[in-house]
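The following briefing concerns one helix and the charged side-chain pairs of a single structure. Please consult the sequence and the coordinates alongside the text.

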Amino acid sequence: MVLYFYPRDFTEGCTLEAKGFQRDLQLFHARNAEVVGISADDTDSHKEFCGSEALTYPLLSDPGGETSKRYGSWIPPFSQRHTFLIDPEGVLKERWLGVRPLGHSQEILKRLDELQA
C-alpha cells in the first residue's frame, strides 16, 4: 500500500501529487499496490476534490490529525507531505519525507519495482 499524507485538497502541490497517483493508478495495481491519501480535510472536501480531479482511489479524513501524528506527519493544523510504502503484512518498507509532488508517483513506482525484484 502507498499511504500518502498531504496538507490540503485543492492546493496546487496537493493537486499535482493526487493527479500523479491517479495517472499511474493502473501501474500501482499491476504491482498489487493500492494508493490511499490522507489529509485533515473533511469527507465533503474529499468528495469534491475526487470529483473535481477524477480521483478514483480513496482519500481519508483525519481532521484531528490522530493518524497523521502516528506517522509523524502532523504539524497543526495540517498533515505534512509524507509517503509510506507498506507491505501486505503491514511492515513499513520505505518512507519519503518532505515530498516534492511533481514526479513523486513515478519515484514510488521505481522503488516498488526494486523491492519486488
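**Helix H1 and the salt bridges**

Lys19 and Glu53 form a salt bridge in which the closest N and O atoms lie 3.7 Å apart. This pair connects distant parts of the chain, with Lys19 in helix H1 and Glu53 in helix H3, 34 residues apart. The model is a predicted one, and a search of the whole structure returns nine salt bridges.

**Geometry and packing of helix H1**

- Helix H1 covers residues 12-23, and its end C-alpha atoms are 16 Å apart.
- This separation agrees with expectation, because 12 residues at 1.5 Å a residue should span 16 Å, the rise being applied to one less than the number of residues.
- The buried residues of H1 are Gly13, Cys14, Thr15, Glu17, Ala18, Gly20, Phe21 and Gln22.
- On the strand side, these buried residues pack against E1 (2-5), E2 (35-39) and E6 (82-86).
- Their helical partners are H2 (25-30), H3 (43-53) and H5 (104-116).

**Charged residues of helix H1**

- Lys19 has a relative accessible area of 43% and is therefore partly exposed, as the value falls between the 20% and 50% cut-offs.
- Glu17, by contrast, has a relative accessible area of 2% and is therefore buried.
- The side chain of Glu17 meets that of Arg81 in a salt bridge, with an N to O distance of 2.9 Å.
- Arg81 belongs to the loop between strand E5 (78-79) and E6, whereas Glu17 belongs to helix H1; the two are 64 residues apart, and the pair links distant parts of the chain.
- Arg81 also counts as buried, because its relative accessibility is 16%, which is under the 20% cut-off.

**Salt bridges involving helix H5**

- Arg111 and Glu114 form a salt bridge whose closest N and O atoms are 3.1 Å apart.
- Both residues lie in helix H5, and because they are three residues apart, about one helical turn separates them.
- Arg111 is partly exposed, with a relative accessible area of 26%.
- Glu114 likewise counts as partly exposed, at 44% relative accessibility.
- Glu94, Arg111 and Glu114 are joined into one network by salt bridges that share partners.

**General background**

- Side chains of opposite charge can pair when their charged atoms come close.

Conventions: Residues are numbered from 1 along each chain as its sequence is written. This is a predicted model: local features need pLDDT of at least 70, side-chain atom pairs count only at pLDDT 80 or more; totals for chains, interfaces and linings use all residues. Side-chain values use heavy atoms; hydrogens and water are left out. Helices (H or I, at least four residues) and strands (E, at least two) are DSSP runs, numbered from the N terminus. Buried means under 20% relative accessible area, exposed over 50%, partly exposed in between (1.4 Å probe, protein chains only). Contact means heavy atoms within 4.5 Å. A salt bridge is a side-chain nitrogen of Lys or Arg within 4 Å of a carboxyl oxygen of Asp or Glu.
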